[in-house]
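Biologist: I should like to learn how the enclosed and open spaces of a protein model are read. Could we work through an example together?

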Amino acid sequence: MTNYTWSYSSIDLFKQCPYKYYRLRVVKDIVEPPTDAIMYGKDLHKAAEDYVRDGTPIPNKYDFIKPTLDRLLAIEGEKLCEYKMGLRYDLSACGFFDKDVWWRGVADLVIVKDDKAYVLDYKTGKTAKYATKDQLEILSLAVFKHFPQVKRVKAGLLFVVSKDFVKANYDEDYQSSGWSKWVERTKELEGAIKNNVWIKKPNFTCRKFCKIIDCEHNGRAH
Ligand code: SF4
């Protein structure tokens, strides 16, 4: 079944509430406007990308990320900024925009040196308290597919504001057990698509954050 594509954020949304996923990603009758935090994050990511890739000076307002980026630049290896990866349904590597792409992911920075790779994602949130390693895991699993010579991936979420660093290491033999969780999640999504059944799953976003105002669980609807 390949009549859908997914990413870390879309499967995460589906896991949180299938009905919210359905409205935002399938019907698309509700568009979430970008928040100030999202706009700030995009701007900072662009500054980091331009600096690491081209040496473009970092705007003064983001000076605080320079020491972190300089440490990354000092790591030996080919630096790939905003690196787009795609995987087919059989988990083989493909291009991000290929017709048969099934999974899509973008790593803020991949550094490849022989049989080692680093996968880094910049985070602009104020705290790493609620961070999970799921995003690192899926990006690292994709790196093994895109760079078959890589035997070990060191991955990290770099909280550039709070200076927290959430890290995880993966060896190539982690792949089969690593994929099982993601395949299971996509099977649930496939089941929802096939049966056109999208359950409402109340969660912490219902009260204040969810944009599906007409849902009976939405705290702003009643
Ligand atoms: S209000 Fe809650 S249950 Fe309803 S769609 Fe939003 S997240 Fe899902």
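Biologist: Which strand gives the most to the lining of the second largest pocket?

Modeller: Please bear in mind that this is a predicted model. A pocket is an open set of points, and its lining residues have an atom within 4 Å of a point. Here, β5 makes the greatest contribution to the lining of the second largest pocket, with 5 residues. At least two lining residues each also come from α4 (66–73), β4 (116–123) and β6 (165–171).

Biologist: What volume does the second largest pocket hold, and which residues are the closest to its centre?

Modeller: Its space amounts to about 330 Å³. The lining comprises 18 residues, of which Arg71, Leu72, Leu120, Leu158 and Phe165 are the closest to the centre. By character, the lining of this pocket divides into 10 nonpolar, 3 polar and 5 charged residues.

Biologist: How should I read a cavity, and how many cavities of 30 Å³ or more are there?

Modeller: In a cavity, a 1.4 Å probe fits but cannot get out. The count here is 1 cavity of 30 Å³ or more. The largest cavity has a volume of about 80 Å³, and its lining includes Tyr19, Lys20, Pro202, Ile212 and His217. That lining consists of 7 nonpolar, 2 polar and 3 charged residues.

Biologist: Where is the ligand placed, and which residues are the closest to it?

Modeller: The ligand takes up the space of the largest cavity. Of the 13 residues that surround the ligand, the closest are Cys17, Asn203, Cys206, Cys210 and Cys215. The shell around the ligand is made up of 7 nonpolar, 4 polar and 2 charged residues.

Notes:
Residues numbered from 1 in each chain as written. Predicted model: local features only at pLDDT ≥ 70, side-chain atom pairs only at ≥ 80, totals over all residues. Heavy atoms only, no water. 1 Å grid on protein atoms, 1.4 Å probe; cavity = no way out; pocket = protein on both sides within 12 Å on 5 of 7 lines; lining within 4 Å. Points joined across faces, edges and corners; volume = space filled by probe spheres on them. Nonpolar A, V, L, I, M, F, W, Y, C, P; charged D, E, K, R; others polar. Near = heavy atom within 4 Å. Sits in = over half its atoms within 2 Å of the grid points. Helix = DSSP H or I, 4+ residues; strand = E, 2+ residues; numbered from the N terminus.
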